[in-house]
Each structure stands twice: as C-alpha cells, then as structure tokens.
Amino acid sequence: MANHSDSSSCVHKVGFPPRRSLATDFTRGLKETFFADDPLRPYKDQPRSKQLALGLRFLFPALEWGRDYNLSKLKSDIVAGLTIASLCIPQDIGYAKLANMDPQYGLYSSFVPPLVYAAMGSSRDIAIGPVAVVSLLLGALLQNEFDPVTQKEEYRRLAFTATFFAGVTQAALGFLRLGFLIDFLSHAAIVGFMGGAAITIALQQLKGFLGIKKFTKNTDIVSVMRSVWGSVEHGWNWQTMLIGSAFLAFLLAAKYVGKKKQQQQQLFWVPAIAPLISVILATFLVYITRADEHGVQIVKKIEKGINPSSVDQIRFAGSFAAKGFRIGVVAGMVALTEAVAIGRTFAAMKDYQLDGNKEMVALGTMNMLGSMASCYVSTGSFSRSAVNYMAGCQTTVSNVVMSLVVMLTLLVLTPLFQYTPNAILSSIIISAVLGLIDYEAAYLIWKVDRFDFVACMGAFFGVVFMSVEIGLLVAVSISLAKILLQVTRPRTALLGNLPGTMIYRNVEQYPEAIRVPGVLIVRVDSAIYFSNSNYVKERILRWLRDEEEQQNANDLPRVDCLIIDMSPVTDVDTSGIHALKELHKSLQKREVQLGIANPGAVVVEKLRLAEFIELIGQEKLFLTVGEAVIGCAPKVSEDV
C-alpha cells in the first residue's frame with residue numbers, strides 16, 4: 001500500500017447517469033420485468049403479411065419446424081411415439097386410480113392433450129399425459145369436497161371444472177408473462193416435495209399391492225400404516241401379494257438394466273416396454289387361473305370409445321366454480337412447475353431455447369380443451385419424457401403417435417384389460433415413483449446450503465406425515481421465508497487490502513488481507529430497501545462499535561473514516577436513503593467521516609436526487625475502495 005499516495009493523481013470521479021423521464025424509467029422497468037427476452041424483436045420493420053406469419057409460428061411452433069420436417073425425422077418420431085405409448089397406457093390406468101377416477105379417464109388424458117401440445121408446445125422432448133404427483137394431489141383435493149364413490153357424478157364434474165381452471169391459470173401466467181412466479185418454489189423444496197409425494201404414492205399402492213378392500217382415505221403415513229397393519233389378519237390376499245411382488249421385481253430389474261451406463265443407449269426400451277409386458281402377462285395369468293374368484297381384485301370394465309364431451313359438466317359460476325378454481329390453481333401451478341422443469345432440462349441437453357411463457361400458454365390451452373373432452377389435469381411426465389429422449393424423438397410428432405396409439409386402445413383394446421389385476425397397476429406406479437426420490441440431490445443440498453436442506457425436509461415431512469397440500473404449503477412457505485430472510489438480513493463484510501495491490505476483499509475469505517488502521521471498510525451485499533434498511537444501518541454501527549472496542553483494548557488508532565463499498569448494492573429506496581442519513585448523523589457525533597465507494601448508476605442517481613451526496617459532500621464519493629482510502633484518510637494511507 002506504499003504506492004497509494006503515488007496513485008492519488010489517478011483518482012477518478014463517480015459518473016452520474018443521464019436523467020431519464022418517468023415514462024422512460026417506467027417503460028424500461030416494464031420491459032425488463034415482463035419482456036426481458038424481447039419477444040417483439042422479430043416483428044420490427046416487417047410487412048403485415050410477414051408479421052402475421054411470424055405470429056402464427058409463435059402460437060403454433062409446429063408451423064416453424066414443420067417446414068424442415070422429413071422422412072428421417074418421422075421414422076425417429078414414430079419409434080419414440082410407439083415406445084412411450086407402451087409405457088403410458090398402463091401408467092395412465094394406474095394414475096387415474098390415484099385421482100380416484102375410472103381407468104378410461106387416464107387414457108382420455110393421454111389422447112386429446114398431447115395432440116394440442118404437439119401443435120402449440122415448443123419442447124421437442126416432453127411427453128404429455130397424467131403424472132403421479134398431480135394425480136395424487138388432484139385426488140386428495142377433490143375428495144375433500146366430494147366422495148369419489150358415493151358422489152361420483154359431482155366428483156367428476158368438479159374434476160373437469162378444476163382442470164379447466166388449471167388451464168386458465170397456466171395460460172394466464174404465460175399470456176401475462178408471469179412465469180417467474182413458479183420460481184418461488186425453490187429447487188430444494190421441489191426435491192423434498194417430490195420425494196415426499198413419491199413415498200405417499202407408494203404407500204397408497206399398498207391397498208392394491210396387498211389386496212386390501214377397506215383402506216383409509218387419508219394420505220399421511222400414520223393413517224396408511226395403521227390401515228395396512230389393521231388388515232393384516234384378514235385383509236391381505238396372498239395371491240395378490242405374489243402377483244404384485246413378482247412383477248415389481250421384474251419392473252425394477254428392467255429399470256436396472258435400462259440404467260446401466262454401458263447399455264443405456266441400446267437398452268432404453270427395456271424399462272419402457274416392461275410395464276406393458278407386465279400388464280399383458282398378469283392379465284393372462286389372472287384370466288387362465290380365474291384368480292379374480294380367489295380374492296384378486298381386477299380392473300373390471302373400462303369404457304370403450306374415445307373421449308366423450310364434458311363441456312356440460314364444467315361449472316363457470318357458483319360454489320362448484322369457486323371450489324374448482326381453488327383446486328385448479330394449486331394443481332395447475334404444480335403441473336406447470338413440473339412441465340417447465342422437465343422442458344428446460346431436455347432443452348439444455350439438446351442445446352435449444354425453450355420459451356417458458358409460450359410453454360405455459362400451450363399447457364394451459366391443452367388443459368382447457370382437455371377439460372371439455374373428459375380429461376383431467378395433464379402435464380409433462382419425467383419418466384416418459386426421458387424415454388422419449390432416449391428413443392431419439394425429433395419433434396412433438398412423437399406425442400401425436402402416442403396419442404393415436406391411445407386412441408386405438410380406447411376404440412379396440414380396452415376390453416382386454418378387464419382381467420388386469422390391480423396389483424400390477426400398483427407395482428407399475430411404485431416402480432415409476434421411486435425415481436422421484438432424488439437422495440443424491442438431497443445430499444448435495446445438505447452439503448451446499450443447510451437452510452435449503454431445511455426447506456427440502458420441511459416439504460418432505462409435510463407431505464409424508466400430513467398431506468400433499470400441507471406439504472406443498474410448507475414448501476412454498478419455507479421458500480418465501482428464505483427469500484424474506486435474505487432480503488431482510490443481507491450479508492455484510494469487513495474488507496482489507498491484499499498486500500501489494502489496490503484490491504480490497506473480505507478479511508474472512510482472504511485472511512492475508514490487511515485491515516487499514518483508522519479506516520473501517522464495510523461491504524453491503526444486497527440492495528437497501530425498507531425491509532432491511534434499519535438492519536443495514538444497525539449492522540454497520542455494530543461493526544464500528546466492535547472495532548472501537550478492539551482499538552481500546554489493543555491501543556490502536558481510532559477509526560476516523562468509515563467507507564461503505566456499494567459495488568453489490570443494485571438499488572436503494574427512500575427508506576434506505578433515510579437509514580444512510582441516520583447513519584451519517586451517528587458517525588458525525590463520533591467524528592467519523594463517511595465515504596461511499598462505487599455506487600451503481602441507479603443508486604448514485606437516487607442519492608443525488610435525495611440530496612444525500614450534498615449532505616456528505618461530493619468529494620466523499622469514490623470510484624473504488626482504494627481511492628476512497630486515499631481520499632478519506634490520506635495521512636493514514638501514506639503511513640501504511
């Protein structure tokens with residue numbers, strides 16, 4: 001630091017941004033908040049016909065990639081579509097049971113929604129249909145209003161109404177470009193929620209897996225285990241357990257084979273086709289042995305034919321609409337979070353851009369139209385999307401192929417599922433949801449951020465020990481609590497000089513950094529708002545008190561200058577400026593100078609307008625911490 005004085009001639013002044021009108025500031029802020037990707041850029045300076053064509057391609061991405069579609073891509077999409085169809089058919093029947101719906105409604109939801117998404121969706125890899133978590137959530141919320149057995153018609157009517165409002169919620173978020181709202185559910189909370197939901201779903205399948213007839217409607221682990229062990233003497237059926245255990249072992253073995261790294265590319269189809277093979281074999285065994293006459297519960301009848309219209313069952317007013325809206329918003333947000341996360345994952349793997357807001361509009365339109373065709377909430381399935389990706393899909397045509405296979409199944413093959421045992425459906429669901437328990441991600445969260453781990457475990461235990469909706473509420477609450485904690489209690493750090501340089505860094509991170517005698521340098525690592533302004537002021541004064549106590553104890557020079565490094569401070573509001581003025585008054589009473597280093601354009605403009613710079617003096621505004629040390633305490637800097 002001996003050359004500080006030599007550098008005094010190089011001191012630069014802090015620049016002030018040019019003044020902008022209120023309208024300019026408002027327009028710029030609005031654009032950065034809602035139109036950060038500048039979606040209207042391609043339309044500039046284009047004739048009306050070109051703008052219309054671009055608008056249609058924006059709404060229907062199929063018009064964009066369809067121009068380059070060829071026979072080679074079609075072959076790849078057909079293979080991928082057939083592969084995911086073999087996986088989705090048995091899963092759909094099982095997931096419909098999670099939602100307390102008849103089996104055909106699961107198949108309906110893999111027929112119409114994928115066709116809509118194929119035209120409007122921008123992800124090439126996502127496979128659309130019912131998923132376990134959303135099915136369970138929807139079933140849990142719906143049965144709080146109506147009994148799915150004794151009030152079947154009302155239950156189904158509310159399901160379609162909720163699906164419609166789920167679609168409205170999703171489309172509205174996309175159209176209004178409010179997709180950032182789903183980011184309030186943190187990755188850690190999602191990991192915990194998905195893991196807890198997987199455990200809950202697996203426990204729910206013990207009814208079909210063990211052949212229990214009387215089973216609790218609650219989803220918490222205590223109620224489920226009490227119901228399971230309460231039925232152990234007379235409720236368990238050994239034939240059902242044998243079927244379930246044998247095919248679960250087969251499904252898990254198929255998954256293991258498909259995941260082996262050496263054979264992942266060649267044998268991806270093994271775990272994809274295993275559920276359909278299991279259903280065929282189990283159905284055949286039950287039929288030839290007439291196991292249904294010995295207590296093995298079967299699917300029985302699945303309605304034949306494609307989706308009937310359900311427009312007349314959707315309610316747009318009254319208590320039904322209110323309940324449907326409340327349930328739809330929750331289910332729609334969860335479905336949206338899952339779909340966008342899946343879409344982004346595979347877009348990153350294939351290196352293409354995914355427009356989140358466009359995806360929301362596509363998913364919302366898909367669910368709104370689906371609700372009118374007897375479908376319940378559909379979204380992107382991670383297991384099917386992974387198979388779709390591994391099978392080499394090129395476009396959303398793979399969803400069309402899957403949809404056509406489901407249509408064929410509905411028209412022709414549904415009678416063949418009459419003797420399908422419930423145990424095999426339970427086994428398929430258990431094997432599918434085990435992949436949602438991401439213990440590696442949970443361990444990484446524990447290592448990296450303990451507060452994130454609290455959010456993860458809070459969501460997990462909330463789902464497992466309470467209910468799916470409570471777990472979701474816990475996940476959102478802890479995520480918001482973390483944001484509030486970070487906003488209200490920002491980090492601050494003491495800075496010291498790295499020997500031989502003009503660089504100042506955190507003394508805890510760099511123990512070799514030297515504290516400047518007589519100068520206290522504090523960095524604030526956050527914007528200064530009404531929510532944290534008082535804390536920032538008090539924390540800086542506490543740093544000063546601690547420093548003064550150390551000086552008195554060790555007979556060191558008193559602090560003559562306090563420098564605030566504002567490099568990380570992105571913004572300051574009137575409360576923040578008021579807190580800085582109060583800090584300045586406190587420092588004046590202590591005869592300590594206040595210096596401000598490297599404020600950003602927004603911050604320095606607000607400080608100027610609030611006349612804070614006049615208060616402390618423009619000479620106390622510096623471009624760097626090094627220059628602030630020279631300017632605030634030239635004698636000290638020369639001695640060091």
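The dialogue below walks through the cores, one helix and the cavities of this predicted model.

Reader: Which residues have the most contacts inside the largest nonpolar core, and how many residues does that core have?

Author: A nonpolar core is a set of buried nonpolar residues joined through their side chains. In this structure the largest one has 113 residues, and those with the most contacts inside it are Met101, Leu138, Phe193 and Ile201. Helix 14, which covers residues 318-350, gives the most to this core, with eleven residues. Apart from it lies another core, of 34 residues, among them Val524, Ile528, Val559 and Val569.

Reader: What is Ile201 in contact with, once its neighbours within four places in sequence are left aside?

Author: Ile201 is then in contact with Leu98, Ala132, Val133 and Leu136, and also with Ile429 and Val433.

Reader: Which residues of helix 16 are buried, and what do they pack against?

Author: In helix 16, residues 382-390, the buried residues are Arg384, Ser385, Val387, Asn388 and Met390. They pack against helices 4, 13, 14 and 17 as well as strands 1 and 2. Just after this helix, Gly392 takes a positive phi of about 90°.

Reader: How many cavities of 30 Å³ or more does a search of the whole structure find, and what lines the largest cavity?

Author: Rolling a probe the size of a water molecule over the atoms shows where empty space is left. Here the search finds four such cavities, and about 60 Å³ of space lies in the largest. Its lining consists of Asn100, Met101, Asp102, Tyr105, Pro148, Lys152, Tyr155 and Arg156, of which four are nonpolar, one is polar and three are charged. Helix 8, residues 152-175, gives the most to this lining, with three residues.

Key
Residues are numbered from 1 along each chain as its sequence is written. This is a predicted model: local features need pLDDT of at least 70, side-chain atom pairs count only at pLDDT 80 or more; totals for chains, interfaces and linings use all residues. Side-chain values use heavy atoms; hydrogens and water are left out. A nonpolar core is a set of buried Ala, Val, Leu, Ile, Met, Phe, Trp, Tyr and Cys residues joined through side-chain atoms within 4.5 Å. Buried means under 20% relative accessible area, exposed over 50%, partly exposed in between (1.4 Å probe, protein chains only). Helices (H or I, at least four residues) and strands (E, at least two) are DSSP runs, numbered from the N terminus. Contact means heavy atoms within 4.5 Å. On a 1 Å grid over the protein atoms alone, a cavity is a set of points where a 1.4 Å probe fits but cannot get out, and a pocket is an open set with protein on both sides within 12 Å along at least five of seven lines; lining residues have an atom within 4 Å of a point. Grid points are joined across faces, edges and corners, and a volume is the space filled by probe spheres set on the points. Ala, Val, Leu, Ile, Met, Phe, Trp, Tyr, Cys and Pro count as nonpolar, Asp, Glu, Lys and Arg as charged, and the others, Gly among them, as polar.
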